[in-house]
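Here is a quick walk through one protein model, taken a piece at a time. Have a look at the fold before reading on.

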Amino acid sequence: MNKKYFISLSIAAALTIGSLPTLGTTANAHSHTVEELQKQQEGISSKKEEINGKIDEKKSQINQNINKQQEIQSQIAEISTKVKDTETKITEKTKEIDETTAEINKLKEEIEVLKQKIEERNELLKERARAIQEKGGSANYLDVLLGADSFGDFINRVTAVNTIVSADKKIMDEQKRDQAELEKKQEEVEGKLADLESTKASLESLKKDLDSQKAKKADLFKQLEAQQASLEVEKKDLQQESDELSKMEHQLEGEIQAEQARLAELARQREIERKRQAEAEAAKRASAQQQATTSSNSSGGSSSTPTDTAPSAPVSAGAWTAPASGTITTNFGWDVLNGKKRFHYGTDIAARGSVPISAAADGYVIKSQYSSSYGNVVYITHSINGKTFTTVYAHMASSSVSQGQAVNKGDRIGYMGNTGYSFGQHLHFELHAGSWNASKSNAVNPRQYINF
Ligand SMILES: [Zn+2]
């Protein structure tokens, strides 16, 4: 796995932690700001997304590989069937060749026997011819014939001589014919044998070809298996990386929640303190009235700036006040933006000119940052009757508060603007019953609490 990456990530995290105490201009130098934590978390998220993309890529590569393996396997099976087929044919041809060879051998033997018989008969005929010649040629024949003591005997003798000679000749002719037939048959069978041998040879070359194809496919299959194994290892490593990043992401989420909770707790304590002071002041006023004396007004000055071209929204009594004066252009709920249906998690207030934005209630600034969607945005945590709320002020032209700062209801925190994903100057205001989260699951309709 990619250990290097983790080491560098850990170093980066350590560096971030190390650099924190130097940011000690704000009150809470002891911990990461929510902004910093979220920046880290975003970095981890995008790295994880990248890795998950790679995991998906590996998965599809593995699937492709497995498909190829299956294809190769079925090709090997097909070739194996062909090899078996060819082997069977070769066995058949070999048997036929053996049979034909045996037939040829038998024919050769028969021909040999016949040749011998013909030879013998030939010898016999030659012998006879010689015997006749030696004894004076046909005279001897005549002797045989003339030796007849009657015409009947003579006829008998002529017939006998003829019979002997022609019988011998006939037998020899027959034998010669037989020999010729056998030789012709031998020729035929030898032709058949040659055919068989050539068929067998081509079958054997086919088998050789198939065997080599099969061997190549088997090689390819092995390669694919090895490739799959390494892909699986790579995937496993990436998965491990992704899991570890998830763990880090989770841990940071916990830190973010803790920081938000800490600020919410500060807001809660402040609320309690304010109530206590208000009660003490009321008691003091009551006793002063009893003494029937007047005292000078010692209330604090207003935070509004005289240079504002539009006035700050009038501060309402009670826990909440409107964050800006202007026209409500979009309410909380489903609406259509640029032709797309979307859920609008806040209330949009629009006005022209330099329009101050006020804190909707007492609280602490959790974040004051810029994002591509929200533009200049401020998050404030509030504690109202022991309950935590978070307000979001987006698309501001500028923000005049910083993280960790305490604000009072109606305090100016910046000016209305058109920054981020915004089309025309307006304030996008969100109210969350609880802490803010990315899925905005705590978002409620601000009009449930605030009169705009
Ligand atoms: Zn909006």
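## A small sheet to start with

Keep in mind that this is a predicted model. A good place to begin is an open sheet of three strands, which runs in the order β5-β11-β9 with antiparallel pairing. The edges are taken by β5 (356-358) and β9 (398-399), each of which pairs on one side only.

Now for the contact between β5 and β11. Strand β11 covers residues 412-415, and three bridges join β5 to it in antiparallel fashion. If you want a spot to click on, Ser358 stands opposite Arg412 in β11. As a reminder, strands of a sheet pair through backbone hydrogen bonds, either parallel or antiparallel.

## Helices α2 and α4, tied together

How many salt bridges does a search of the whole structure find? The count is 14. One of them pairs Lys58 with Glu234, with 2.6 Å between the closest N and O atoms. Lys58 sits in helix α2 and Glu234 in helix α4, so this pair ties together parts that are 176 residues apart in sequence. The two partners differ in cover: Lys58 is buried at 16% relative accessible area, while Glu234 is partly exposed at 33%.

Glu87 and Lys207 make another salt bridge, their closest N and O atoms being 3.4 Å apart. Here Glu87 belongs to helix α2 and Lys207 to helix α4, so the pair ties together parts that are 120 residues apart in sequence. Glu87 is partly exposed, with a relative accessible area of 33%.

There's also a spot where two glutamates come into the picture. Glu42 and Glu249 are 207 residues apart in sequence, yet their C-alpha atoms are 8.5 Å apart in space. Glu42 is part of helix α2 (residues 34-134) and counts as exposed, because its relative accessibility is 54%.

## More charges to look at

Two further salt-bridge sites deserve a click. Lys47, Glu50 and Lys54 are linked in a network of salt bridges. Elsewhere, the side chains of Asp335 and Arg342 meet in a salt bridge at 2.7 Å, N to O. Is Asp335 buried or exposed? Asp335 is buried, since its relative accessible area is 18% and the cut-off for buried is under 20%. Its partner Arg342 is partly exposed, at 26%.

On the surface, Asp173, Glu174, Asp178 and Glu181 form a negative patch. Asp178 lies in helix α4, which spans residues 151-290, and is partly exposed with a relative accessible area of 35%.

## Two loops with positive phi

Most residues other than glycine have a negative phi, and that makes the next pair worth checking. Asn385 has a positive phi near 50° without being a glycine. You'll find Asn385 in the loop between β7 (375-384) and β8 (387-396). Asn385 counts as exposed, with 63% relative accessibility.

Which other residue has a positive phi, of about 55°, although it is not a glycine? That one is Lys440, located in the loop between β12 (427-432) and β13 (443-444). In contrast to exposed Asn385, Lys440 is buried, with a relative accessible area of 17%.

Definitions and conventions:
Residues are numbered from 1 along each chain as its sequence is written. This is a predicted model: local features need pLDDT of at least 70, side-chain atom pairs count only at pLDDT 80 or more; totals for chains, interfaces and linings use all residues. Side-chain values use heavy atoms; hydrogens and water are left out. Patches are made of residues with over 30% relative accessible area and no salt bridge: like charges are joined within 9 Å, nonpolar side chains (Val, Leu, Ile, Met, Phe, Trp, Tyr) within 5 Å. Accessible areas come from the Shrake-Rupley method with a 1.4 Å probe; for residues, only the protein chains shown count as cover. A salt bridge is a side-chain nitrogen of Lys or Arg within 4 Å of a carboxyl oxygen of Asp or Glu. Lys and Arg count as positive and Asp and Glu as negative; His and the chain ends are not counted. The place of a charge is taken as NZ of Lys, CZ of Arg, CG of Asp or CD of Glu. Helices (H or I, at least four residues) and strands (E, at least two) are DSSP runs, numbered from the N terminus. Buried means under 20% relative accessible area, exposed over 50%, partly exposed in between (1.4 Å probe, protein chains only). Two strands pair if DSSP finds at least two bridges between them.
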